[in-house]
Amino acid sequence: MSRRCTRRRVLATAGTVVGTFALAGCVNNESRYWDSPPSFDDDGLESVTDRTVPDRPTVIPVAIADDRRRAIGGRVDELLEPIPEPLTVDTLPNGAIREEITSEREAARSCVGQMEDTTTTLDTATVAADAREHAGRAAGVWAAVSTAHSLEDVTLSESEVSSEMSQLADDLPGDAASPLEGSVVYGPIESWLDTARRSTLVGRSSIGNRANPVREGSAVGDVERIRAEIEVGEHLRDRYVEHLERPRAIEGDLETALEEFAPHVRDRFLEFHGEEDVERPWMAPSLDDVLGSDRPRDHPGVRLFSTEMYDLFDEIRFEPIAWPEMTVDHPAHRLRTTHWALAGLETLERIGERVDDGDELFPGDADELRRNRNAAIDAVDDLLGSGAPLERWSARRLVDRFGDPDELVASGVDADPREIADANGSYVWIATMADTATEASSLVESLLP
């Protein structure tokens, strides 16, 4: 086998060597792990998920005010008001378009109701944007098929909303209690603007073409979502700054930290690839090049490593991270995504070590699965207890990761052992990622002026 299958990793962070290890061998492409799988004792499986997962933490220390929530609901009502109710076949004979309008209208109203039940500021903001998007879709489709309404009168044009986005982007990040707190307060708002400009508004026709009503509804819904995010973003920025006892400007500190961060990030990616010169080190390498253990491709550890590696690198491709000669736009968002990327790379290294050392990453019984789940919960609790902004942000993301494996395990006995292996791998990943997130936070703090 001619592949290069040995690599050595030395992570130099701010002048400190964090660790080294070597992987040797190749991923075995011929044998199959599940041809002769280990046994799993499912006795007690139904109680594995009895311990409650931590709640998603609040990372923005201010809430969306009641009058702002009412304004969001009012805008939804305004968008939906021209649409006849009920919308009958006599009014709109086309069943597919009628169903599109009806379902989007119902979804918009459902989201408005959910705003009262959300527990964190970011959850409320997401549901509010969902409500506006659904209402915009319904209103856009109706305007496209109605002779009494103009599409141009439903919402702003793409150029107008782009101008509003640019204005808010120029004003971010605002003052904060500290650069790290500012990164998690302003990071989501910058992320909304970044996604809108690079994805939502790209590659589609302008509002005003009635040729495809559903497509027009989608275009109006996109603009309404962006408008909602801009309005909520401005509102949260203003409320946050107002509540600060000692506000300080943070943009310069974040930009300095990112510029210092950039060479370490590039070096870290090169180390992960195992080469000193890679044309696109932010792209996922071949599994055979980075995982050295002689294990079947369907081995639980190999599956976990492969899935998480490609998911991480896909995210890195579409999110801004610190990089040499970059343009430092959206610095709060960029700091968060870079922190997460480095924690993810370190987690992959540790999973790779375990696989190379012979860890099956398959639980022998329900008790072992429970221990791994409890270890993941403990690790997330530690992040939450630290009070550090980036660690709480990481905890928020990791809490969401419990959903799928918990649902599978809670379904009861007779679970497919391959699905049990995947659930176990998710718990191992959560616990490991929580540990590496703390290390990445220390690096970020060391680079801030």
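Okay, so overall dimensions. This is a predicted model, and with 449 residues a compact globule would be expected to have a radius of gyration near 22 Å; the protein chain comes out at 25 Å, which agrees. If you'd rather think in boxes, the C-alpha atoms fill one of roughly 70 × 55 × 45 Å along the principal axes.

What is the chain built from? We've got 14 helices and 2 strands. As for how the pieces meet, take the contacts between residues at least 6 apart in sequence: 80% of those join residues at least 24 apart. And 53% of the 449 residues count as buried.

On the outside, the protein chain exposes about 19,800 Å², and carbon and sulfur atoms supply 43% of that. Now the charges. There are 47 positive side chains and 91 negative ones. How far apart do the centres of the two sets lie? Just 2 Å.

Let's go inside. The largest nonpolar core has 128 residues, and the ones with the most contacts inside it are Ile-101, Tyr-186, Phe-261 and Phe-305. Which helix gives the most to this core? That's α14, residues 417-447, with 15 residues. If you want one residue to click on, try Phe-261. Leaving aside residues up to four places away in sequence, Phe-261 touches Ala-322, Leu-335, Thr-338 and Leu-342, and also Leu-443, Val-444 and Leu-447. Those last three, Leu-443, Val-444 and Leu-447, fall within the residue range of α14, 417-447.

Next, some backbone details, starting with prolines. The peptide bond from Glu-85 to Pro-86 is cis, omega near 0 degrees. You'll find Pro-86 in the loop between α1, which is 66-80, and α2, which is 95-114. There's also a cis bond from Leu-172 to Pro-173, with omega near -10 degrees. Pro-173 sits in a loop too, the one between α4 (158-171) and α5 (179-200).

Then there's the loop between α9 (300-318) and α10 (331-356), where Glu-325 is placed. His-330 lies in that loop between α9 and α10 as well. Glu-325 has phi near 60 degrees, so a positive value in a residue that isn't glycine. His-330 also has a positive phi, near 45 degrees, and again isn't glycine. So, buried or exposed? Glu-325 counts as exposed, because its relative accessibility is 84% and the cut-off for exposed is over 50%. His-330 is buried, because its relative accessible area is 15% and buried means under 20%.

Two more spots to look at, both about distance along the chain versus distance in space. Ser-110 is in helix α2, and with a relative accessible area of 39% it's partly exposed. Ser-110 and Ala-131 are 21 residues apart in sequence, and their C-alpha atoms are 7.7 Å apart in space.

The other one is Asp-294, in the loop between α8 (287-290) and α9. Asp-294 is exposed, at 54% relative accessible area. How far is Asp-294 from Arg-51? They're 243 residues apart in sequence and 36 Å apart in space, C-alpha to C-alpha.

So if you open the model later, start with Phe-261 and its contacts, including Leu-335 and Leu-443, then go over to the loop between α9 and α10 for His-330.

Conventions. Residues numbered from 1 in each chain as written. Heavy atoms only, no water. Helix = DSSP H or I, 4+ residues; strand = E, 2+ residues; numbered from the N terminus. Rg over C-alpha atoms; globule rule 2.2 N^0.38 Å. Buried < 20%, exposed > 50% of the residue type's maximum accessible area, 1.4 Å probe, protein only. Contact = heavy atoms within 4.5 Å. Areas by Shrake-Rupley, 256 points an atom, 1.4 Å probe, with all protein chains shown as cover. Lys, Arg positive; Asp, Glu negative; His and termini not counted. Charge placed at Lys NZ, Arg CZ, Asp CG, Glu CD. Core = buried A, V, L, I, M, F, W, Y, C linked by side-chain atoms within 4.5 Å.
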